[in-house]
Every structure is written in C-alpha cells, then in structure tokens.
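Got a few minutes and a viewer open? Load the model and try these exercises before you peek at the solutions.

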Amino acid sequence: MRTIFYISDGTALTAEAFGRAMLSMFPLKIEHKTLAFIDSEAKAEQAVSKINAAHQATGERPIIFHTFVSLELKRIITGSSGSCYDFLDYLVEPLSRELGIDAQPKTNRTHGIQENGGIRDSYDSRIEAVNYSLANDDGSNIADYDQADIILLGVSRTGKTPTSLYLALHYGIKAANYPITEDDDMENLQLPKALKLHRHKIFGLTLEPQRLHEIRSKRREGSRYASMQQCRFELQEVEKMYRREAIPFLDSTRFSVEEIAAKILAETNLERHHY
C-alpha cells in the first residue's frame, strides 16, 4: 500500500486530478489523502508531520503531488520525507516562453470565482445548469424542456441522474432526464409524448441486464423490479425504441460517470461552459 498526498494552498483539485491521472497508469494499491488550503507555515508543518508519519508507518516514501503559489510553503512541503512532484515546474516555463508572457501565479485561480477572463460567467453558468438539472430530474418538470441542452432517457437506474448532474457541474450543460417506466407500456413502447417535440435533444442510456439487476437489487432486493427477467425485458424494449426512433444511445456498463459524460459530449457536440 502506497500513501499518496495531494497538497495545495488552494483546493488541491488540480494536484489531485494530475496525480490520479498519473497513478492510473500504475498497478498499485493506494491510500489517497488530500490536504487542501495549506495556506500557512503552521499548516504546512502539520502536513509534513503527516507525511513523515506515513513514511514511518509504512516504510515506503509517500508520493506527494502538490501545487503551491507560496514558495516558502512549497519549500516546507518538499523538505518532508515524501517524494514530491509539481507538474507546473515542467510546464510553466516552456509555456511562458511560447506565449511571451510571464506567469502570474495566484491562489485559487483555477477553481475559484474571479471576474476576469469570463471565469465568473462560467461559474454562474454551471450553477444555473446544476439548478436546472435538479429541477428537471426524473421527468419532474417537463414544461421546461425547451431550455434543456440535452435530455437523457432510459429505464430506472441506468445512471441518468448522476450523468445529468456531472454534465451540469463540470460543463455548464442543462441536462434534464426522463425515466422509462412500466407506465409507458413496455410491451408496446413508444417515445413518450412529452419528448416528441424535443427528440433532437434526446440521448439514451442503457446497461447490460446483469449490471442493472445488481444495481436494482441493492435498492429492492427480491422484487419483480430487480429481477433479471424484468431487467432484460425493459432493456430489450427500450433499445428497440432507441433504434426505431433513431435516438443515439450508449451502453454505460463499463464506463464511469466521467467517461459517460465525455462520450455524450463527443457524440452530440454540445457547447461546453468550462471553468
């Protein structure tokens, strides 16, 4: 087991994203520890104590992914017994040369709320999109579908809600979602009337029957709803409808929410409101 620390004088989200991406290439058992807002010498010294204690406990040097604006805080962290990596060290200088501009590091610039560069507008767009997705979850507010950027469709427990919220929070996309249920007459499944005017916005999700059975069983074990037979039937019928109505769809069985969202964006070319 290797201990990994993600440390920053800001949110540590950048260090964590970079570190996790790097570590995904290595077959390791890992204990992740995120230390955010290490913005004073006292906090930095406490972080060093945790790093050194992990080294002593495991006999393995902890791996440290860090991003610091303060050079003094960075010096304290790199003085620990951990093996330290700051990817900005390798990228900022060559990028500065290419742009002809000196870097001006600022704490929380990446994930904070600033007025410059449209970051405030991007943040506001994401919050508005999240509120929209929450208000339009599970077919609860079909009157607002004209405002939707995308409408995710699928049977119960195929990942519509988490994908909608991920698209909203990370990309500022107003994603509604609509469930296909037994009330929709599964044996003669048609595109719900509420969606017909918005079919150009619809994207379908599906799963392998075994995976859907496992997910539903955690919620209502032993029920008809969770039975393998019912899962197989519902998925079969909804996929027939997707094909008949020419609705693009994705089997998300082996993909994370992040990957599902990225694949949807790649297929739909939706405009993203990045932060």
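Below are some short exercises on a predicted model, each with a worked solution.

**Exercise 1. Work out how the chain is divided into domains and how far apart their C-alpha centres lie.**

Start with the bounds: domain 1 covers 2-99 and domain 2 covers 119-268. Then take the C-alpha centres of domain 1 and domain 2, which lie 37 Å apart.

**Exercise 2. Find the strand order and the edges of the sheet built from strands 1, 2, 3 and 4.**

Step one: trace the pairing, which is parallel and gives an open sheet in the order 2-1-3-4. Step two: look for strands that pair on one side only, and you land on strand 2 (30-35) and strand 4 (83-85) as the edges. Step three: check the twist, which averages 20° from one strand to the next.

Now zoom in on one pair. Strand 1 (residues 2-8) runs parallel to strand 3 (residues 63-67), and five bridges join them. To pick out one of the bridges, go to Y6: its partner in strand 3 is F65.

**Exercise 3. Do the same for the sheet with strands 5, 6, 7 and 8.**

This is an open, parallel sheet of four strands, and the order reads 6-5-7-8. Its edges are strand 6 and strand 8, each pairing on one side only. The twist here averages 25° from one strand to the next.

For the pairing of strand 5 with strand 7 (residues 202-206), count three bridges in the parallel sense. Along the way you'll see L152 standing opposite F203 in strand 7. Finish with the helix on top of the strands: helix 6 lies across strand 5, strand 6 and strand 7, and runs at about 175° to strand 6.

**Exercise 4. Which elements supply at least two residues each to the largest nonpolar core?**

First, size it up: this core has 22 residues, and those with the most contacts inside it are I151, L153, I180, L195 and M241. Next, sort by element: strand 5 (150-155), strand 6 (175-180) and helix 9 (228-244) each supply at least two. Helix 9 gives the most, with five residues. Another core lies apart from this one; it has 15 residues, among them L152, L167, Y171 and L270.

As a spot check, list the contacts of L195, skipping neighbours within four places in sequence: you should get Y145, I151, L153, Y178 and I202.

**Exercise 5. Is Y242 buried or exposed?**

Locate Y242 in helix 9. Its relative accessibility is 0%, so Y242 counts as buried, the cut-off being under 20%. Beyond four places in sequence, Y242 touches L153, G154, G204, L205, I247 and F249.

**Exercise 6. Compare the surroundings of two loop serines, S156 and S252.**

Take S156 to begin with. S156 sits in the loop between strand 5 and helix 6 (160-171). Its side chain makes a polar contact with the side chain of Y225, at 2.5 Å. Leaving out residues up to four places away in sequence, S156 touches I180, L212, R216, R219 and Y225.

Then move to S252, in the loop between strand 8 (249-251) and helix 10 (257-268). S252 counts as buried because its relative accessibility is 5%. With neighbours within four places in sequence set aside, S252 is in contact with T158, T206, L207 and I260.

Conventions:
Residues are numbered from 1 along each chain as its sequence is written. This is a predicted model: local features need pLDDT of at least 70, side-chain atom pairs count only at pLDDT 80 or more; totals for chains, interfaces and linings use all residues. Side-chain values use heavy atoms; hydrogens and water are left out. Two strands pair if DSSP finds at least two bridges between them. Axes are lines fitted to C-alpha atoms, for helices over the stretch in contact, and angles run from 0 to 180 degrees between N-to-C directions. Domain bounds come from an automatic or database domain assignment. A nonpolar core is a set of buried Ala, Val, Leu, Ile, Met, Phe, Trp, Tyr and Cys residues joined through side-chain atoms within 4.5 Å. Buried means under 20% relative accessible area, exposed over 50%, partly exposed in between (1.4 Å probe, protein chains only). Contact means heavy atoms within 4.5 Å. A polar contact is a pair of N or O atoms within 3.5 Å; within protein, one must be able to donate a hydrogen and the other to accept it, and residues adjacent in sequence count only if both atoms are side-chain atoms.
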